[in-house]
Amino acid sequence: MIRRSDAPWLLAVAVCAVLYAGLTVLPNVLQRLDADFPFQGIEIMGGDQEHYYAARLDRVLEGEGDTGSIYYSGGPDVPAVASLLPERLIAVPGQAFGLSAAHVFVLAKFLLSALLFALLTAVSVLLSGRRRAALVAAAAVLCCWFLFSSPATLLQALRGEPLGTEFLRFSRLSHPLVSSTLFFAALLALTGWVRWRKPWMAIACAIFTGMCFYAYPYAWTFLLALLPLVALRYALVRDWR
C-alpha cells in the first residue's frame, strides 16, 4: 500500500505534523526563552478547562487511578464521574520515565498533536484521493477551526476584528485532543476496511471506537455526523462493497 514513490509525500506530512505540534507547545518553549521573566517551572496551560485535566493527570501519576473528580464532582478523592482513560493514556510516558505531570502534559500535547495531524490527513486522502487537498484540509481544520464555527466568526476575521476564541482548540488536553485522536484513528481504520477489506482494520476500528466512546461521552455525536457522510461518499462513487 506504501510505495517508494510515496516517500516525498510522507515526508511532507511528517514535516507539517511536526510543525503543527511545535506550534501547540510554542508558548511553553517561549516561556523558557524569556529573559525578563525567567522560567520558574510552572507550565503555561491552555484555555478553557485544561488545568482541570492537568489536575486529573496528576492524580493518575500519583497512583490514584480511580479518583480525580476535581472538576466533575465534589472533590479529588471521590470516584471520577467521567472516564480517566485519556489521563491514563497521557500518563504512560510519565510513569515510564518518571516525569512530572506538567512535563508529561507538554510532551503528550506535542506527540498527540503530530499524530492527530497525520491521522486527519490520512483520512482525507482515503476519502478524497487528493493528497495536496488533504494536507490543506488538515491544516485548515486544526489551525483555523474557529473560522468555520459560525458565519459571524468568519466575518469578524475578515474584518480584522479581535476573536474571542482559542486559536488551537484541537490541541487542548485532554479533550478534544485525546478524544479526537481516537476518533480519527477509528475513522481511518473504518475507511481503510471499506477500501481494502482487511480484517485487522475492522478490529482496529472496533477497538478505537470503543475507546473513543469510553474516553468521551459525547463521541457518539461525531460518529453520528460523520459516518453517514462517509457512507454517502462511497454511494456517490457507486462503491457498493
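Pro 176 sits in the loop between H7 and H8, and that loop is a good place to start a tour of this predicted model.

**The loop before H8**

The loop runs between helix H7 (151–159) and helix H8 (177–196), and Ser 174 is part of it. Two peptide bonds here deserve a look on your screen. Leu 173 and Ser 174 are joined by a cis peptide bond, with omega at about -5 degrees. The bond from His 175 to Pro 176 is cis too, and its omega is near 15 degrees.

His 175 also belongs to the loop between H7 and H8. Is His 175 buried or exposed? Its relative accessibility is 6%, so His 175 counts as buried, given that buried means under 20% relative accessible area. Which residues does His 175 touch, once neighbours within four places in sequence are left aside? The contacts are Tyr 53, Pro 86, Ala 215 and Tyr 216. With Ala 215 there is some polar detail as well: a polar atom of the His 175 side chain lies 3.4 Å from the backbone oxygen of Ala 215.

Further along the chain, Arg 197 is found in the loop between H8 and helix H9 (199–215). The phi angle of Arg 197 is near 55 degrees, a positive value in a residue other than glycine. Arg 197 is partly exposed, at a relative accessible area of 33%.

**The overall fold**

Stepping back, the protein has 10 helices and zero strands, so its pattern along the sequence is written as α-α-α-α-α-α-α-α-α-α, with helices and strands taken as DSSP runs. The chain has 241 residues, and 38% of them count as buried. Among contacts with a separation of 6 or more, 60% are between residues 24 or more positions apart. The accessible surface comes to about 13,500 Å², and carbon and sulfur atoms account for 68% of that area.

**Salt bridges**

How many salt bridges does a search of the whole structure find? The search finds five, including the three listed here.

| Pair | Distance, N to O |
|---|---|
| Arg 32 and Glu 43 | 2.4 Å |
| Arg 56 and Glu 87 | 3.3 Å |
| Glu 62 and Arg 59 | 3.9 Å |

Take the side chains of Arg 32 and Glu 43, which meet in a salt bridge. Arg 32 lies in helix H2, while Glu 43 is in the loop between H2 and helix H3 (50–61), so the pair ties together parts that are 11 residues apart in sequence. The two partners have their own surroundings: Arg 32 is partly exposed at 38% relative accessibility, whereas Glu 43 is buried, with a relative accessible area of 8%.

Arg 56 and Glu 87 form another of the bridges. This pair links distant parts of the chain, with Arg 56 in helix H3 and Glu 87 in helix H4 (residues 85–97), 31 residues apart. Are these two partners buried or exposed? Arg 56 counts as buried because its relative accessibility is 1%, and Glu 87, at 1%, counts as buried as well.

For the bridge between Glu 62 and Arg 59, the picture is mixed. Glu 62 is partly exposed, at a relative accessible area of 49%. Arg 59, with 14%, is buried.

**A nonpolar patch on the surface**

Helix H2, already met through Arg 32, also takes part in a surface feature. Leu 23, Leu 26, Val 29, Leu 30 and Leu 33 make a nonpolar surface patch of about 430 Å². Which helix gives the most to the patch? Helix H2 (residues 26–33) does, with four residues.

Leu 33 is one of the patch residues, and Leu 33 lies in helix H2. Why does Leu 33 count as exposed? Its relative accessibility is 64%, and exposed means over 50%.

Conventions
Residues numbered from 1 in each chain as written. Predicted model: local features only at pLDDT ≥ 70, side-chain atom pairs only at ≥ 80, totals over all residues. Heavy atoms only, no water. Patch = residues over 30% accessible without salt bridge, like charges linked within 9 Å, V, L, I, M, F, W, Y side chains within 5 Å. Areas by Shrake-Rupley, 256 points an atom, 1.4 Å probe, with all protein chains shown as cover. Salt bridge = Lys/Arg side-chain N within 4 Å of Asp/Glu carboxyl O. Helix = DSSP H or I, 4+ residues; strand = E, 2+ residues; numbered from the N terminus. Buried < 20%, exposed > 50% of the residue type's maximum accessible area, 1.4 Å probe, protein only. Contact = heavy atoms within 4.5 Å. Polar contact = N/O pair within 3.5 Å; in protein donor to acceptor, adjacent residues only side chain to side chain.
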